[in-house]
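Here are a few short exercises to try at your own pace. Have the viewer open and attempt each task before reading its solution.

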Amino acid sequence: MAKYLISRIIRGIISVAAVVAIIMVMIYGLMDRTLIFAQDSTYSHTSNNSKVTYRYSKWEEYGYLDYVPYADYLQGLLNDGEIDEDTRTSAVSIGRTAENDSDLVSEYVAQFTSYYKSQGYTVVRLDAVMQSAKKVADGGTQQLFAYKNIPLGKRLLSYFGSIFVIDNINNVEEIEGERGLTFTWYDPMYGGEKFSPALMGNGTTHKYLVYFNNKFPYFHQNILTIHLGTSYVINSGIDVFTTMTASQGSYVKSNITYPTGLTESSADDLHTATYVRNSLSSSAVLEARYTDDYTNVSTVKNGMSKMGYSFVIGIIAVIISYALGIPLGITMARRKDKLVDQIGTIYIIFILAVPSLAYIFLFKAIGGKIGLPTTFDLDSSGKLMYLLPIVSLALPSVANLMKWLRRYMIDQMNSDYVKFARSGGLTEREIFTKHVLKNASIPIIHDIPASVLGALVGAIITERVYSVPGAGNLLTDAINKYDNSVIVGVTMFYAILTVASIIIGDVLMSVVDPRISFSSKSR
């Protein structure tokens, strides 16, 4: 069994990598990359050279290519001490065309062109582009840059290499004070009087590396963080994993003590503080509260995360579906062709034949007619708003469980071993409980992990109809808005859950029926 699990996990990892690779090929190789500008007002209001450079800079931001402006190349030479500031200033002033360049500019343009072409980049000078397109530039500095599409292998290595990030005291390049870690038994956020152990860093990305609070599971850490990709549109600048797990709703204020000693009622969560270079000197508000540049904090809110809402609704629906579907399926099988079986068959046909969107809207209309909430309200503490989404998710699952369990049981009841059991003198009850039900339940049990883990990703149609702020519509929103990182990140999350559910399902099958073995034995 252990050998099988190791093998299955390895194959699962390979499968996840393959899925991510396919998605990346589709996004970065097959899709029209200009579609990301469809709703970009900045792009539509720029023209000529500015439009071209904006386009390439955005393509780099979205992960399509590596883009190097000539000015950045010169800045790199300056930072490395190869040129001085006067040379950089003179060399950056390229002419309207190549013929207008000074000798110094021509020298460094040639170096830039030679170096990046040798690295496989395409070098573009926009005055030539504009001429070839028979357009006249509107004045201003002409642009020179190099670009190269990122190879799939490099893209995959970069993505998988940055999923797990370990914070350390050398993460921040420039830091005031001495780099190191500080442990305290009394968290300064609570005024330094409340017993609350915390580990803080200087030079780390996060100020708090380990801390305690009153939110389950009470112990928290920022040493190891998960990064699935940064959103560009849906939640600009925020990682996909954070988008799925961050709380939502209204601000929850409490008395907190800022590092300067200022105490006030605020929703700021100082435990989430991360480093922002030179932020303290640029804001009087921040200067009054913080003593260093760990000023970027999230806020405390009263709602659950997207994944939290999806999981609560999904897991309750799963419990209800198994609680109803299994006994009803058993009853239909034992009373085959009787009234209860006919009624159950009608229900199964209705649920499976009618499009899910149709009966979800039907449930919504009926629920609204009898006074049930038909949309989600983050600021409401009422539990009735969960009812219609749960019912809409549970009823089709009940039908599926009834259908498959009935089919499995009838197949088992017609098997040869049942006939031998009858001839051996076993009663129908003994045959049913000891043999038929056990064998018929094996494929149903295999699907339990998939149902539970699937609750984490939410239900796209149900969450849209009832305006549930869950994770279900995150992928569709990302596709509609061409938010590439979110598409890749959510797809990878789905793939991991799928692989995990299959492995756990296999383990459950072997536990329920010891005859099932995943290890090969030599004869």
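The exercises below use a predicted model and go from the whole chain to a helix and then a single residue.

**Exercise 1. Decide whether the protein chain is a compact globule or more spread out.**

Solution. Begin with the inventory: the protein chain has 20 helices and 13 strands. Next, compare sizes: its radius of gyration is 30 Å, well over the 24 Å that the globule rule gives for 523 residues, so the chain is more spread out than a compact globule. Finally, look at the extents: along the principal axes, the C-alpha trace spans about 105 × 65 × 65 Å.

**Exercise 2. Work out how the buried residues of helix α13 are arranged around its axis.**

Solution. First find the helix: α13 covers residues 356-369 and reaches 20 Å from its first C-alpha to its last, close to the 20 Å expected. Then list its buried residues, which are Tyr 359, Ile 360, Phe 363, Lys 364 and Gly 367. Viewed down the axis of α13, these fall within an arc of 145°, so they line one face of the helix. The general rule helps here: an α-helix has 3.6 residues a turn, so residues three or four places apart point the same way. As a last step, look for the cover on the buried residues of α13, which includes α12, α14 and α18.

**Exercise 3. Is Thr 274 buried or exposed?**

Solution. Locate Thr 274 in strand β12, residues 268-274. Its relative accessibility is 16%, and the cut-off for buried is under 20%, so Thr 274 counts as buried. Now check its surroundings: leaving out residues up to four places away in sequence, Thr 274 touches Thr 205, His 206, Asp 293, Tyr 294, Thr 295 and Asn 296.

Key: Residues are numbered from 1 along each chain as its sequence is written. This is a predicted model: local features need pLDDT of at least 70, side-chain atom pairs count only at pLDDT 80 or more; totals for chains, interfaces and linings use all residues. Side-chain values use heavy atoms; hydrogens and water are left out. Helices (H or I, at least four residues) and strands (E, at least two) are DSSP runs, numbered from the N terminus. The expected span of a helix is 1.5 Å times one less than its number of residues. Buried means under 20% relative accessible area, exposed over 50%, partly exposed in between (1.4 Å probe, protein chains only). The arc is that of the directions from the helix axis to the C-beta atoms. Contact means heavy atoms within 4.5 Å. The radius of gyration is taken over C-alpha atoms; the globule rule is 2.2 Å times the number of residues to the power 0.38.
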